[in-house]
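Here are my notes, jotted down while going through the model. Have it open next to you as you read.

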Amino acid sequence: MESPFEVLSVDPDASDEEIERAYRRRIFDAHPDHGGSAAEFQRVRTAYLRLTAADSDHVLDELEPTADGDDETPDGARVEYLSYDVLEDYGWELEDDDLFERASACGLDPDAHGRLLVEPNESLLEAAENRGFAWPYACRGGACANCAVAVVEGDLSMPVDHILPSEMLERGIRLSCVGAPTTEETKVVYDVKYLPSLDDLRLPPRPFEQARLND
């Protein structure tokens, strides 16, 4: 098995602070929005969790997405997700009433469609990342639309929102970086940042963010 120290490029005797700094650098570069890939993002995330979690078996369980059709109902909110890329590939529309039924019938890859558990202390974006997914983001502070999702059923609370106009909120657009489910069952389409209505609300990868992570 690959050493998590090698993945993060740190010595086996590295301090917690050194591991944290190395992770912040590597996870930024590994994210698809910053030139990496979903596979590399998951590789780095898994390495970090192996080094910081007391129970590695629990970490592996946490990273495994909930299977479609699983009847077990643990504590927390269940979110069924669907990638906006799927809609474009199949010619579906956000307004279609049976999006998730169609997706279930297609047998899509877990990155494209599935269910995940959002713990009480997690945002939707954090829940996705904690289970090995590389959902898009930029600012992580509710100030851009890079992490936007469309809520099809249920709702997300957003204690911070500096960017979405009222018409977007009325259409069910929410920010996953600061949004948390307020309903036991929620359905969202993620990676909707390229909707025409969100064009002016996105941020490109920013050089100063890379510089901050390298500090």
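In which sense do strand E1 and E7 pair, and over how many bridges? Keep in mind throughout that this is a predicted model.

1. **Strand E7 and its partners.** E1 (residues 77–83) runs parallel to E7, and the two are joined over six bridges. One pair to click on is Leu82, which stands opposite Val189 in E7. E7 also pairs with E3, this time in the antiparallel sense and over four bridges. Here you can look at Glu153, whose bridge partner in E7 is Lys187.

2. **How covered is E7?** Strand E7 spans residues 185–190, and five of its six residues are buried, so the rest of the structure largely encloses it. As background, side chains in a regular strand alternate between the two faces of the sheet.

3. **The Arg43 corner.** Now for the charges. Arg43 makes a salt bridge with Glu40, with 2.8 Å between the closest N and O atoms. Both residues belong to helix H3 (residues 38–52) and sit three residues apart, about one turn of the helix. Arg43 counts as partly exposed because its relative accessibility is 30%, and Glu40 is partly exposed too, at 22%. Add Arg26 and you have a network of salt bridges linking Arg26, Glu40 and Arg43.

4. **Glu2 and Arg43.** Glu2 is in the segment before H1 and is partly exposed, with 42% relative accessibility. Glu2 and Arg43 are 41 residues apart in sequence, yet their C-alpha atoms are 9.7 Å apart in space.

5. **Glu129 and Arg140.** A second pair to inspect is Glu129 with Arg140, whose side chains meet in a salt bridge at 2.9 Å, N to O. Glu129 lies in helix H7 and Arg140 in the loop between H7 and E3, so this pair ties together parts eleven residues apart in sequence. Which of the partners is buried? Glu129 is, at a relative accessible area of 8%, because anything under 20% counts as buried. Arg140 is partly exposed at 36%.

6. **Backbone at Arg140 and Ser9.** Arg140 deserves another look for its backbone: phi is positive, about 60°, although the residue is not a glycine. The loop holding Arg140 runs between helix H7 (124–130) and strand E3 (148–153). Ser9 also has a positive phi, near 60°, and is likewise a residue other than glycine. You will find Ser9 in the loop between helix H1 (4–8) and H2. With a relative accessible area of 62%, Ser9 is exposed.

7. **An acidic patch.** What charge does the surface patch of Asp11, Asp13, Asp16, Glu17, Glu18 and Glu20 carry? These residues gather in a patch of negative charge. Asp16 belongs to helix H2 (residues 16–30) and counts as exposed at 62% relative accessibility. That fits the cut-off, because exposed means over 50% relative accessible area.

8. **One more pair, and the tally.** Asp199 and Arg202 form a salt bridge, their closest N and O atoms being 3.0 Å apart. Asp199 is partly exposed at 39% relative accessibility, and so is Arg202, with a relative accessible area of 26%. The count for the model comes to eleven salt bridges. In general, side chains of opposite charge can pair when their charged atoms come close.

Technical notes
Residues numbered from 1 in each chain as written. Predicted model: local features only at pLDDT ≥ 70, side-chain atom pairs only at ≥ 80, totals over all residues. Heavy atoms only, no water. Patch = residues over 30% accessible without salt bridge, like charges linked within 9 Å, V, L, I, M, F, W, Y side chains within 5 Å. Areas by Shrake-Rupley, 256 points an atom, 1.4 Å probe, with all protein chains shown as cover. Salt bridge = Lys/Arg side-chain N within 4 Å of Asp/Glu carboxyl O. Lys, Arg positive; Asp, Glu negative; His and termini not counted. Charge placed at Lys NZ, Arg CZ, Asp CG, Glu CD. Buried < 20%, exposed > 50% of the residue type's maximum accessible area, 1.4 Å probe, protein only. Pairing = 2+ DSSP bridges.
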